[in-house]
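Reader: Could you take me through the charged side chains in this one? I'd like a close look at the salt bridges and at any patch of like charge, with some sense of where each residue sits.

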Amino acid sequence: MKTIGLIGGISWKSTAEYYRILNQRVLERLGGVHSARIVLTSVDFDEIARLQHAGEWDRLGEIMAAAARSLDAAGADFILICANTMHLCLDAVEAATALPVLHIADPTAAAMAAQGVRRAGLLGTAFTMDRPFLMDRIRDVSRIECFVPDARGRADIHRIIFEELVAGKVEAASQARFRSLIQDLADEGAEAVILGCTELVLLVEPGAAYPLPLFDTTALHAAAAVDRALA
């Protein structure tokens, strides 16, 4: 089994979900009392969020590069950046070490393509929705076109992420707004919705029916990591 390196803490809530999924899937695959081989470096999300909103992406790249080097030194075989937005620092991470990086968009694109999706709505932070890095990657690997909500919808989901979800708060009003945004995307021709922030799964109500299939980047990224670790 290969050792999975996680750059986490962005936020700790989603990193905990990564840890749960990785270990659960290894157990399902190998049985017995198996668990995943993982090394984790966890950054302080307060610093990350402050630098994001200040536009200090060079400094963020330095932080991510240092995290990648620590994973390399700890014996990781490959790296996961446990956040969609921080894939904006992918070049810095890849330059810091020879370890391969499993991009969060690739398993998401593959899963959608396998279900015949041709057009998808994307929800995430403003940084992820306003910049094309994730949408371009998905289009390049799968030819799936992505689009985002209108300005008000983008502002609402960004606020919910940073004011609530990263602190583990799940408000009923936010779940309702999440549902309405999915309906808006469906009305605009989306065939699926990408949960393009690793905290957004917290808004999903167990057993609830949504107007479009939801593709959770966290779960898909973690599942792909197990496939690589056990290959």
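Author: Helices here are DSSP runs of H or I with at least four residues, numbered from the N terminus. With that in hand, and bearing in mind that this is a predicted model, let's start with helix α9, which covers residues 172–187 and holds Asp184. Asp184 belongs to a negative surface patch, together with Asp150, Asp187 and Glu188. Patch members need over 30% relative accessible area and no salt bridge. Asp184 has 33% relative accessibility, so it counts as partly exposed.

Stay in helix α9 for a moment, since Arg179 is there too, and its partner isn't. Arg179 makes a salt bridge with Glu205, with 3.6 Å between the closest N and O atoms. That pair ties together distant parts of the chain: Glu205 sits in the loop between β6 (192–195) and β7 (214–216), while Arg179 is in helix α9, and the two are 26 residues apart. As for cover, Glu205 has a relative accessible area of 28%, so it is partly exposed. Arg179 is at 29%, so it is partly exposed as well.

Now for a couple of pairs that stay within one helix. Over in helix α1 (residues 12–30), Arg20 and Glu17 are three residues apart, about one turn of the helix. Their closest N and O atoms are 2.6 Å apart, and the two form a salt bridge. Arg20 has a relative accessible area of 46%, and since the partly exposed range runs from 20% to 50%, that makes Arg20 partly exposed.

Helix α3 (residues 57–74) has a pair of its own: Glu62 and Arg59 are three residues apart there, so about one helical turn separates them. They form a salt bridge too, with the closest N and O atoms at 3.1 Å. Glu62 comes out partly exposed because its relative accessibility is 46%. Arg59, with a relative accessible area of 36%, is likewise partly exposed.

Not everything comes as a simple pair, though. Asp136, Arg139 and Asp140 are joined in a network of salt bridges. If you want the overall tally, the count is 12 salt bridges, taking a side-chain nitrogen of Lys or Arg within 4 Å of a carboxyl oxygen of Asp or Glu as the rule.

Technical notes:
Residues are numbered from 1 along each chain as its sequence is written. This is a predicted model: local features need pLDDT of at least 70, side-chain atom pairs count only at pLDDT 80 or more; totals for chains, interfaces and linings use all residues. Side-chain values use heavy atoms; hydrogens and water are left out. Patches are made of residues with over 30% relative accessible area and no salt bridge: like charges are joined within 9 Å, nonpolar side chains (Val, Leu, Ile, Met, Phe, Trp, Tyr) within 5 Å. Accessible areas come from the Shrake-Rupley method with a 1.4 Å probe; for residues, only the protein chains shown count as cover. Lys and Arg count as positive and Asp and Glu as negative; His and the chain ends are not counted. The place of a charge is taken as NZ of Lys, CZ of Arg, CG of Asp or CD of Glu. Buried means under 20% relative accessible area, exposed over 50%, partly exposed in between (1.4 Å probe, protein chains only).
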